[in-house]
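Please work through the following exercises with the sequence and the structure beside you, and try each task before you read its solution.

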Amino acid sequence: MRCAKADNGGTARGQRGSAMLLVLCAAVPLMVAGGTMLFAVVRERALNEQLAAEASADDAAASGAHDALALLALDPGYTGSYVLAVDGHVANVSVTAWLGDGVDNDGNGLVDDAAEADWSTITAEGVVNGAATGGQGGATDGSGGLLDAPRREARATVQAIAWFEHLTVPAAQSFYCHDPEADWNFIGTAFLISGHDINPDGTTGGAASIPGIGTPGNTVSITKQLGSTQKGRVKGQGKFPSVRKVVSIDVDSLLEDWEPHATVRYDGPLDTLGDVKLGDRTALQPQVTHAKGDLKLTGTTTGCGILLVEGNLEVTGALDFAGLVVVGGNTTFKPGSNKQVIWGALATIATVTGEDIQIGGDATIQYSSSVLSTVGDSLSGLRLKSWTQR
Ligand SMILES: [Ca+2]
Ligand SMILES: [Ca+2]
């Protein structure tokens, strides 16, 4: 019986041992699997943290560069270095003017030449958990373990090149006609072409008088087309009628130069506009408007800025425009009951055969230096040449 008991006890112990072995054997793969999963989780989290840190560094660098662009927009001559705090991170920003840095930045073979004026290079380094913010370590949940991982470091850099474009709106005469032999049709005596500097509020401007009509050739043809009672309606520099020989303007180049600044475009071949605002006439907020073909203004047109017409311009409605009008073809102001005024200047080629220019009704082209300088200043600004992020 003892032996039998002993045998039974040995069998029971053996069974327990086997069970433990089985449990261990089962646990080992589980532990291995668990460890593998844990490693994968940690690795994935580390990867996500690193990606997040790199994204934050990119954002900080971009914010730094934008901040410098805003500074340059206010002060085109700004240079210097500073640290900008960005959402708990930093951007190390530096702005270097091309002029005076001893480098041929534009590669034209000349160091610090005039072409480099108003150009700047901006470098912004975004830093996440770098030395500038106290280095690594410390990101824990207070209980150690998985969250006790080092804070991820990341750095990113933006290099931007920008320049401040100073725009001036030229006017050497109130009304420039490129063709001295153009056929004009002056109607009535209520029109006015004046090269005397007058502000839109009626006060006298500060600039010297310029010719009322300027043409790059003999003025006799134009003068002969003015009736005796009309001659006094062309005022400005010199005796009236103020029709003077002036320096030739490349009107096509003028159209080409301003066209990239256009924010409102009409594609032609003929665009007819009713009531329309081409910029803010009241606040003198300019816009550049470009018509690829002919343009007819039939309603009430107000505006400010530069109006570019590659074809013919015909105004039949009311017009109150402050700025420069450039016309690649004919210019017509149809007589009517509508006041038609341009404060600033107008240039037209008018080289096609037939009637080139019609000045009817009380159409007024009134030189205003203050309007033209306001338009130029408002259209000037900082331009971004390149933006490189790495
Ligand atoms: Ca250079
Ligand atoms: Ca330079």
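## Exercise 1: A residue in a helix

Asp377 counts as partly exposed, because 14 other C-beta atoms lie within 10 Å, and this holds in a model that is predicted.

Task: Find the element that holds Asp377, and state how far Asp377 and Thr168 are apart in sequence and in space.

Solution. Begin with the element, which is helix H4, covering residues 369-379. Then check the exposure: a buried residue needs 20 or more other C-beta atoms within 10 Å and an exposed one has 12 or fewer, so Asp377, with 14, is partly exposed. Finally, turn to Thr168, which is 209 residues from Asp377 in sequence, while the C-alpha atoms of the two are 7.2 Å apart in space.

## Exercise 2: Positive phi

Task: Locate Asp112 and Leu284, and decide for each whether its phi is positive or negative.

Solution. As background, most residues other than glycine have a negative phi. Take Asp112 to start with: its place is in the loop between strand E2 (89-97) and strand E3 (119-128), and its phi is near 55 degrees, a positive value. Asp112 is partly exposed, because it has 16 C-beta neighbours inside 10 Å. Next comes Leu284, in the loop between strand E13 (276-278) and strand E14 (287-291), where phi is again positive, at about 55 degrees, in a residue that is not a glycine. With 18 other C-beta atoms within 10 Å, Leu284 therefore counts as partly exposed.

## Exercise 3: Peptide bonds before proline

Task: Determine whether the bond from Phe240 to Pro241 is cis or trans, and do likewise for the bond joining Gly268 and Pro269.

Solution. Most peptide bonds are trans. The bond from Phe240 to Pro241, however, has omega near -5 degrees and is cis; Pro241 belongs to the loop between strand E9 (234-235) and strand E10 (243-245). Between Gly268 and Pro269 omega is about 0 degrees, and this bond is cis as well, with Pro269 placed in the loop between strand E11 (264-266) and strand E12 (270-273).

## Exercise 4: The nonpolar cores

Task: Name the strand that gives the largest nonpolar core its largest share, and list some contacts of Leu308.

Solution. The largest core has 54 residues, and Leu308 is one of the six-name group, with Cys177, Leu324, Val325, Val326 and Val375, that touches the most other members. The largest share of this core, 7 residues, comes from strand E18 (residues 318-327). Beyond four places in sequence, the contacts of Leu308 include Leu255, Trp258, Val288 and Val326. Apart from this core lies another, of 21 residues, among them Ala53 and Ala160.

Terms used. Residues are numbered from 1 along each chain as its sequence is written. Chains are lettered from A and ligands numbered from 1 in the order in which they are written. This is a predicted model: local features need pLDDT of at least 70, side-chain atom pairs count only at pLDDT 80 or more; totals for chains, interfaces and linings use all residues. Helices (H or I, at least four residues) and strands (E, at least two) are DSSP runs, numbered from the N terminus. A nonpolar core is a set of buried Ala, Val, Leu, Ile, Met, Phe, Trp, Tyr and Cys residues joined through C-beta atoms within 7 Å. Two residues are in contact if their C-beta atoms, placed from the backbone, lie within 7 Å.
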